[in-house]
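Let's take a walk through this structure together, moving from one element to the next. Please keep the sequence and the 3D view side by side as you read.

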Number of protein chains: 2
Amino acid sequence: MTELTMPLAAVEDLCLKTLMAAGATAGNARSVARSTMLAERDGIRSHGLLYVPIYAEHVRCGKVDGKAMPVVDRPRPGAVTVDAATGFAHPAIDHGWPSFIGAARANGVAAMTIYNSYNCGVLGHHAERIAEEGLLGLCMTHAPASIAPPGGRAPVIGTNPFALGVPDGAGGAAIVLDQSASVIAKSEILLRSKEGRRIEPGWAIDALGQPTLDAADALKGSMLPAGGHKGFGIGLLVELLASCLSGAVLSKDASPFSGTAGGPPKTGQCFIAFDPAAFSTGFSQQIAALVDAIAGQEGARLPGAGRRRARGATEAHGIRVDSALIERINSSNR
Amino acid sequence: MTELTMPLAAVEDLCLKTLMAAGATAGNARSVARSTMLAERDGIRSHGLLYVPIYAEHVRCGKVDGKAMPVVDRPRPGAVTVDAATGFAHPAIDHGWPSFIGAARANGVAAMTIYNSYNCGVLGHHAERIAEEGLLGLCMTHAPASIAPPGGRAPVIGTNPFALGVPDGAGGAAIVLDQSASVIAKSEILLRSKEGRRIEPGWAIDALGQPTLDAADALKGSMLPAGGHKGFGIGLLVELLASCLSGAVLSKDASPFSGTAGGPPKTGQCFIAFDPAAFSTGFSQQIAALVDAIAGQEGARLPGAGRRRARGATEAHGIRVDSALIERINSSNR
C-alpha cells in the first residue's frame, strides 16, 4: 500500500466534488463533505474517505436522494422536526439547526427529531457542535437492526449510539462522549469476515442464538450488547427516541446502510439541547471539577481523549491515506 | 424468621406513621410513604419497608429535613427547577410535577431538575408516572461516588441509574426500563460484606485498583461499571444531567445515603418528558410493534417484566414481610 499526505481541506474538497459528480446538490454535498473531513480529522477512518464511495453509490442508486430538500417544522416551542426527505442526514440537521438552538435557548431545553433520514456520520460531532453553542447536547441515532434482546436471537435494535457534548464555558467542549450499544463496532466484524479471521468471544451470537467466533455466522446472527441486558437497555433508549419519537422506521424494518438494496433506510435521529444557564449557576465550575476528578487520576482518561489527540496531529500535518482509495474516488468522478 | 402478610395500604400507613413520628410533616411523609408502598408492590425490597428505619433515622439526625418546604421555579418555559431544601426528594418531585407536566405538553419537551435533594426511591416509578401522563419520560438520579473511571481507582460517579417510561397510549406504561451503571447493586455487596461472603469476579476492585472477591475490600475500593468504559459513560451521562445540570453536589462530594454522618447529601435528579404527539403521529403503533418484536421472541423478555409480575401478586395478596422488621419499625414509633 502506498500512502499520500492530504491536508484536511483537500479531504473536504474531494468529498464535495465526488458527491456533486454523483448527483448531489452543492448544499447537500457540502454538509456531508464537512462531516467526512471532521471524521478524518479525529482519526475515525470508518466514517471518513472510506465512506465516500458508498455515499456516491447511494446517491446514484437512489438509496439517498442527493437533491432532497429537507423540511423543517416547529410544532411546539421546544419541538423541532425535520423531514430529511430520504436525503442525507447532514443537510437535514443543518436546516433544523438555527430553530433547534434558538428553541433550546428560549425554552431551556429543546429536542430536534429527524426522520426519513440516513446515517449521520460521527454522532459525537453533532454533540460537540451543540456544546460549542454553550449548550449541553445529547444526541441519538439508530441503525438497521443488529442486536437481539437478551435471551432472544432476532435482532431488534441497531448499534444505536448516543453522544454527549458538554460545553466548557469558553466556546468549546469539555467532554465529548460517543458510544454505541454493542461490545464491538459492526465494521470490525465485517472486516474480519472479509479477511476470514475469527472474532473474539463475547462479541456475537449466530442465527440460532449460540455464541460464535465465526465472523460470517455473526453477521447472520446478532451482535452482543456491551454489559448484557444493560447495554440492550441503552440501545432501547436510543431506539425509542431516535426511531419511535422521531417517527422514523424501526431499526428492524430499516434497509441496510451498506449495499444498494432496499431503497432509502428512512432511519432517524433525536438531538436534545439543554441551556445550563436556565437550570443552575456554577455549571462550568462543576464540569471543571468533574473533568479534573477523572483526567487527574493516574491511568484514567476522559472519554474522547483519543479523538482529541488525533485532531491535533491531523490539523498540523494532514492525514495519511491509501493512494489507491484516492485513485478509486477520483476515477468515479470522471 | 417469622413472616406476616400485609396489604399494600398497610405498608403505606406504617411508613406514613413512622416518618411523622420521626418529625416529618404529613405532606412530606405522604410522598415517601407512597414510594415505599410502590417499591414493595413491585418486589423491590431494598427500597421498601427495609428503608423505613433509615428514613426515620435520617429525619431524626438531620440528614433529611422532614419539615422542608420545596421551592419550585420555572426560569424558562421548558425548565422547571426544584430546591428540595435538604428534605426528601419525593415531595420536591410532587411539588414540581404539575409545572413539569404542563411545560412538557406546552413545549413538546420539558426538563425538571431537583437539587439539595436525597435519594428518590425506585427511579422507574417516576418514569412510569410520566408515561401515565401520556408522555415519554427519561429520569436520572445520581448517588454518592462508588465507581472509578476505567483505568483509575478513585470513585467519581455513583451507581447513577436512569429510567425510561414509555406511554402505551391508554394511560399506562408499555415499557419501564430502570437500570444502574454498575454490574451489581451496591446493596448486594453490602449484604455479602455483612454476611462475610465473597463477591463474584468482575463486580469490584479494591482501593489499589486491583480485582477483588472480598466484599469489605470492594467497599473500600470501587464498583465496576456494566460493560466497562461504556457503562462508565452511561453513569457519566447521568452525572452530567442529575448533578451538574441540576446544580446538585458532585457524586464524589456527596455524603453517604447510609449512616448518620456527613449531613444532607444534597444530590439531585433530572427528569425529562417528551410529548410524542408534538413530534410524530403513529408513536403508539411503533411502540406496540417494538414491544411485540421483543416480547414475542422465545426466551426474551421486556425490561420491567419481573416487576410487573410481582405487582400482580402483591396487589392481590399483599406482601409477606419479616415480622421482626415490622416490630422494629413499630417500636421506633412509640
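Just after helix α5(B) comes Gly134(B), and its phi is positive, near 85°. The model you are looking at is a predicted one, and this glycine is a handy place to begin. Stepping back into the helix itself, you will find that eight of the 10 residues of α5(B) are buried, so the helix is largely enclosed by the rest of the structure. The buried residues are Leu123(B), Gly124(B), His125(B), His126(B), Ala127(B), Glu128(B), Ile130(B) and Ala131(B).

What sort of sheet do the strands of chain B build? Seven of them form an open sheet with mixed pairing, in the order β2-β3-β4-β10-β5-β6-β7. The edges are taken by β2 and β7 (173-179) of chain B, each of which pairs on one side only. Direction ignored, neighbouring strands in this sheet are turned by 15° against each other on average. Helix α5 (residues 123-132) of chain B, where we started, packs on this sheet and touches β5 (136-141), β6, β7 and β10 (267-274) of chain B. The direction of α5(B) makes about 25° with that of β6(B).

Now follow the sheet from one of its edges. Strand β6 (residues 162-167) of chain B runs antiparallel to β7(B), and six bridges join the two. To find the register, look for Ala163(B), which stands opposite Asp178(B) in β7(B).

At the other end of the strand order, strand β2 (residues 71-76) of chain B is joined to β3(B) by four bridges, and these two strands also run antiparallel. They form a hairpin with two residues between them. Here the register can be read from Val71(B), which stands opposite Asp83(B) in β3(B). On its other pairing, β3(B) meets strand β4 (residues 109-117) of chain B in the parallel sense, over five bridges. Thr81(B) has Thr113(B) as its bridge partner in β4(B).

How many residues of β3(B) are buried? Five of the five residues of this strand (residues 79-83) are, so β3(B) is largely enclosed by the rest of the structure. In a regular strand, side chains alternate between the two faces of the sheet. Both faces of β3(B) are covered: Ala79(B), Thr81(B) and Asp83(B) are buried on one side, and Val80(B) and Val82(B) are buried on the other.

Let's turn to the helices around α1 in chain B. Two packed helices are described by the angle between their axes and the distance between the axes. Helix α1 (residues 8-22) of chain B packs against helix α3 (residues 52-61) of chain B at an angle of about 20°, with the axes 8 Å apart. Because angles under 35 degrees count as roughly parallel, α1(B) is roughly parallel to α3(B). Their crossing is right-handed. On the α1(B) side, the contact is made by Cys15(B), Thr18(B), Leu19(B), Ala21(B) and Ala22(B), while α3(B) contributes Val52(B), Tyr55(B), Ala56(B), Val59(B) and Arg60(B). Eight of the residues in this contact are nonpolar, one is polar and one is charged.

Helix α1(B) has another neighbour in helix α12 (residues 323-332) of chain B: the two axes come within 9 Å and cross at roughly 35°. This crossing is left-handed. Leu14(B), Lys17(B) and Thr18(B) of α1(B) make the contact with Ile326(B), Ile329(B), Asn330(B) and Ser332(B) of α12(B). This set divides into three nonpolar, three polar and one charged residue.

Is Thr18(B), which lies in helix α1 of chain B, buried or exposed? Thr18(B) is buried, with a relative accessible area of 1%. Leaving aside residues up to four places away in sequence, Thr18(B) touches Val52(B), Ala56(B), Ile329(B), Ser332(B) and Asn333(B).

Finally, move across to chain A. There, seven strands form an open sheet in the order β2-β3-β4-β10-β5-β6-β7, and the pairing is mixed. At the edges stand β2 (71-76) and β7 (173-179) of chain A, each with a single partner strand, so one side of each is left without a neighbour in the sheet. Within this sheet, strand β4 (residues 109-117) of chain A pairs with strand β10 (residues 267-274) of chain A in the antiparallel sense over seven bridges. Ala110(A) stands opposite Ala273(A) in β10(A). Helix α8 (residues 229-245) of chain A packs on the sheet, touching β4, β5 (136-141), β6 (162-167) and β10 of chain A, and its direction makes about 85° with that of β5(A).

Notes:
Residues numbered from 1 in each chain as written. Chains lettered and ligands numbered in written order. Predicted model: local features only at pLDDT ≥ 70, side-chain atom pairs only at ≥ 80, totals over all residues. Heavy atoms only, no water. Axes fitted to C-alpha atoms, helices over the stretch in contact; angles between N-to-C directions. Parallel < 35°, antiparallel > 145°, perpendicular 65-115°, else oblique. Left-handed = near helix turned anticlockwise from the far one by under 90°. Contact = heavy atoms within 4.5 Å. Nonpolar A, V, L, I, M, F, W, Y, C, P; charged D, E, K, R; others polar. Buried < 20%, exposed > 50% of the residue type's maximum accessible area, 1.4 Å probe, protein only. Pairing = 2+ DSSP bridges.
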